[in-house]
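Student: I'd like a close look at a single part here rather than a tour of everything. Could you pick one and walk me through how it's built, then show me what sits around it?

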Amino acid sequence: MKTNLAVVLAAAGAVALGTIAIRADEFSAKDQERWTKEYMSVVQKGRELWTSSALGTNNVACAQCHPNAANTHPETYPKFQKQLGRVIALREMINWCLQQPLEGKPLALDDPRMVALEAYITYERRGVPLAPGKH
Amino acid sequence: MMEMAGLDNPNGSPFMVGEKQRAWLKADLDKVAKSTPVVVFSHSPLQKLYKGWNFWTEDAEEVQALLAPFEKVNVIYGHVHQIQYNQIGKIAFNSVMATAWPWPYPQSYAQAQNAMPVLTVPMNRANPFFERDATGWQFIDVHTGRVAMKYNLYDNSNRTVAWNPATGRPEDTVFQDAANRIPPQAHY
């Protein structure tokens, strides 16, 4: 029964999609515009977190040492972080900063706030060639 | 918003000496011979280095014009929290360190142009695992009428940036020669 139901739903879906002629690889300039807007709203959220004390406990913000997210080198990660003695992702370094200078709690690596911070950092670094492993 | 008042956001406006203070400076300088060594202390750099973070003085050219006729003239400035030095005509510029808050060099921000002095050999990149790193203080020696900055840098090698009479500009006594520079001085 379950299989049959799934087949019926899939067929209904195909009919519904067929009526507006969407194929898997099709998207329009309008779609791209919307996706950019969604992305920039997350970048903006990241900038707000970057310049606020919300992530810490001691009234320190990321921007006080990293204006415009400068000196964060997102293009070099993953890299050997000499102070930690192993290869890490940028998110782990973000969490280090949240715990040390900001005296806050680390974020889950898929926390929307972590994604927003990373979106802001990489947006401020756009156009710079990838240099993984560079110190 | 917990950030320095940047000029790329609504919090900031550029530093300016202003007409009134320039008039005061002119009147003060008019009292002394052009051969008198002059040392000017200023919070803002009295140069236009990078506007986005206010490494900037809006009327820098006008101030420099007042200083330019002096044979030995030196500007010592703050605000930037990092070693900088420059030579514009006869005017030598030296920055002082701060005891708090490391600040990146403008060349580490990829989205904007800057006019940082090519003369400056940057400090080592800050290591956040040493909380005093990239901060410091300095002895300022002006006995020759020119400036020697002896920087005391926590958790890092000390540096001296001093007037070199042979080249007529401030230079790092160790690192000015590119062959002597070390990888941590590269900012990107």
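Tutor: Let's start with a yardstick: the radius of gyration is taken over C-alpha atoms, and the rule for a globule is 2.2 Å times the number of residues to the power 0.38. Keep in mind that this is a predicted model. Now apply the rule to chain B: its 188 residues would give a compact globule a radius of gyration near 16 Å, and chain B has 17 Å, so the two agree. Along the principal axes, the C-alpha atoms of chain B fill a box of roughly 50 × 45 × 25 Å, and 31% of its 188 residues count as buried.

What is that body made of? Chain B has 2 helices and 10 strands, and reading from the N terminus, the order is α-β-β-β-α-β-β-β-β-β-β-β. Of the contacts in chain B between residues at least 6 apart in sequence, 56% link residues at least 24 apart.

Next, the neighbour. Chain A gives 18 residues to the contact and chain B gives 15. On the chain A side, that breaks down into 7 nonpolar, 9 polar and 2 charged residues.

While we're on chain A, look at helix 2 (residues 29-50), whose 22 residues reach 31 Å, close to the expected 32 Å. Its buried residues are A:Gly46, A:Arg47, A:Leu49 and A:Trp50. They span an arc of only 160° around the axis, so they lie on the same side of helix 2 of chain A. That buried set packs against helix 4 (112-123) of chain A, while the other side of helix 2 has exposed residues, including A:Lys30, A:Glu33 and A:Arg34.

How values were computed: Residues numbered from 1 in each chain as written. Chains lettered and ligands numbered in written order. Predicted model: local features only at pLDDT ≥ 70, side-chain atom pairs only at ≥ 80, totals over all residues. Contact = placed C-beta atoms within 7 Å. Nonpolar A, V, L, I, M, F, W, Y, C, P; charged D, E, K, R; others polar. Helix = DSSP H or I, 4+ residues; strand = E, 2+ residues; numbered from the N terminus. Expected span 1.5 Å × (residues − 1). Buried ≥ 20, exposed ≤ 12 C-beta atoms within 10 Å, placed from the backbone. Arc of directions from axis to C-beta.
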